[in-house]
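Biologist: Could you walk me through how to read a structure like this one, feature by feature?
Modeller: Gladly. Let us put it on the screen and begin with its overall dimensions.

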Amino acid sequence: MKHGKKYVDAAKLVDRTKLYDTNEALDTVIKTATAKFDETVELHVKLGVDSRHADQQVRGAVVLPNGTGKKVRVLAICKGANEELAKEAGADYVGAEDMTQKIQQENWMDFDVLITTPDCMGLVGRLGRILGPRGLMPNPKAGTVTPDIAKAIKEAKAGKIEYRLDKTNIIHCPIGKVSFGTDKLSENLDTLMEAIVKAKPAAAKGQYIRSVAVTSTMGPSVRMNPTKFGA
């Protein structure tokens, strides 16, 4: 893959043979983020598990102390008294059958998180083929299927993110914006890594944290020392 001049110049600032500590890695990512917009900083963690096995899945959610810097649009699918609670908690869209029909018939996707209550999972379940491939299907482990819908909405708005393995056993997650600076990004990174370490499956054998890297939207990847995280 051919990269532009800005990327090539930025990549020269990264020592490919080195494993950086957290602050040094984040400092480097900030220096190499040269786009005209406020780039997102992402964390990529390769785990020593096999996602093909159900007992080695790693999935969960965590509230980042400094948020993600992104405005999160929340759709709440609920009924009765929960509708008013969802609106008061700050949900952008609230409904039940009307919302599921809108998604099915219009392929409407103007939301980032879907939160629902257990009594509405029958409705939401029909949307599996549409929501699943986009990573929007609510899940109890991620806290997006819950009887306490108001709390879930507030957490989503505050910067709660979901982490999960992809097919190559890597977790990819945003941890904030370049404008956050090193300290806030470091807090977010440590919070996410603690959650991933705690989520280690009992069936996982050998080294759990295989590699850790941070990157900005348009910048080069900076590798970190995985042993810092109890690998």
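Biologist: What radius of gyration does the chain have, and what would a compact globule have?
Modeller: Keep in mind that this is a predicted model. A compact globule of 231 residues would have a radius of gyration near 17 Å, and the chain has 19 Å, so the two agree. Along its principal axes, the C-alpha trace spans about 55 × 45 × 30 Å.

Biologist: How many helices and strands does the chain have?
Modeller: There are eight helices and nine strands. For the way they are brought together, look at the contacts between residues at least 6 apart in sequence: 71% of these join residues at least 24 apart.

Biologist: What about the surface and the charges?
Modeller: The accessible surface comes to about 12,000 Å², and carbon and sulfur atoms account for 51% of that. As for charges, the chain carries 35 positive and 28 negative ones, and their mean positions lie 6 Å apart.

Biologist: What share of the residues is buried?
Modeller: Buried residues make up 47% of the 231. The general idea is that in soluble globular proteins, nonpolar side chains tend to be buried together. In this chain, the largest nonpolar core has 36 residues, and those with the most contacts inside it are Leu47, Leu192, Ile196 and Val214. The elements that give two or more residues to this core are helices H2 (22–31) and H8 (181–198), together with strands S1 (40–47), S6 (160–164), S7 (170–177), S8 and S9.

Biologist: Which element gives the largest share of this core?
Modeller: That is H8, with six residues. Apart from this core lies another one, of 15 residues, including Val72, Cys78, Ala86 and Ala156.

Biologist: Which residues does leucine 47 touch, beyond those up to four places away in sequence?
Modeller: Its partners are Val58, Leu165, Asn169, Ile171, Ile196, Tyr208, Ile209 and Arg210. Two of those names are good places to go next.

Biologist: Then let us take isoleucine 171. Is it buried or exposed?
Modeller: Isoleucine 171 sits in strand S7. A residue is called buried under 20% relative accessible area; isoleucine 171 is at 0%, so it counts as buried. Leaving aside neighbours within four places in sequence, its contacts are Leu43, His44, Val45, Leu47, Val58, Tyr163, Arg164, Leu165 and Ile196. Sequence separation and spatial distance are worth reading side by side: isoleucine 171 and lysine 46 are 125 residues apart in sequence, yet their C-alpha atoms are 6.5 Å apart.

Biologist: And the other name, asparagine 169?
Modeller: Asparagine 169 is found in the loop between S6 and S7. Its phi is positive, about 65°, although it is not a glycine. With a relative accessible area of 13%, asparagine 169 is buried.

Biologist: Where does asparagine 107 lie?
Modeller: It lies in the loop between helix H4 (97–106) and strand S5 (113–116). Asparagine 107 also has a positive phi, about 55°, without being a glycine. Its relative accessible area is 44%, so asparagine 107 is partly exposed.

Biologist: Which residues does serine 186 touch, not counting those up to four places away in sequence?
Modeller: Serine 186 touches Thr22, Asn23 and Leu26. Serine 186 itself lies in helix H8, and at 10% relative accessibility it counts as buried.

Biologist: Could we finish with a loop residue, proline 220?
Modeller: Certainly. Proline 220 lies in the loop between strand S8 (209–216) and strand S9 (222–224). Loop residues can be read for burial in just the way we did above: proline 220 has a relative accessible area of 1%, so it is buried. Beyond residues up to four places away in sequence, proline 220 touches Tyr7, Ala10, Ala11, Val14, Arg16, Thr32, Val214 and Thr215.

Biologist: How far apart are valine 8 and proline 220, in sequence and in space?
Modeller: They are 212 residues apart in sequence, and 8.6 Å apart in space, C-alpha to C-alpha. Valine 8 is in helix H1 (residues 5–11), and at 37% relative accessibility it counts as partly exposed. Set beside this the pair of proline 220 and valine 72: these are 148 residues apart along the chain, and their C-alpha atoms are separated by 26 Å.

Definitions and conventions
Residues are numbered from 1 along each chain as its sequence is written. This is a predicted model: local features need pLDDT of at least 70, side-chain atom pairs count only at pLDDT 80 or more; totals for chains, interfaces and linings use all residues. Side-chain values use heavy atoms; hydrogens and water are left out. Helices (H or I, at least four residues) and strands (E, at least two) are DSSP runs, numbered from the N terminus. Buried means under 20% relative accessible area, exposed over 50%, partly exposed in between (1.4 Å probe, protein chains only). Contact means heavy atoms within 4.5 Å. The radius of gyration is taken over C-alpha atoms; the globule rule is 2.2 Å times the number of residues to the power 0.38. Accessible areas come from the Shrake-Rupley method with a 1.4 Å probe; for residues, only the protein chains shown count as cover. Lys and Arg count as positive and Asp and Glu as negative; His and the chain ends are not counted. The place of a charge is taken as NZ of Lys, CZ of Arg, CG of Asp or CD of Glu. A nonpolar core is a set of buried Ala, Val, Leu, Ile, Met, Phe, Trp, Tyr and Cys residues joined through side-chain atoms within 4.5 Å.
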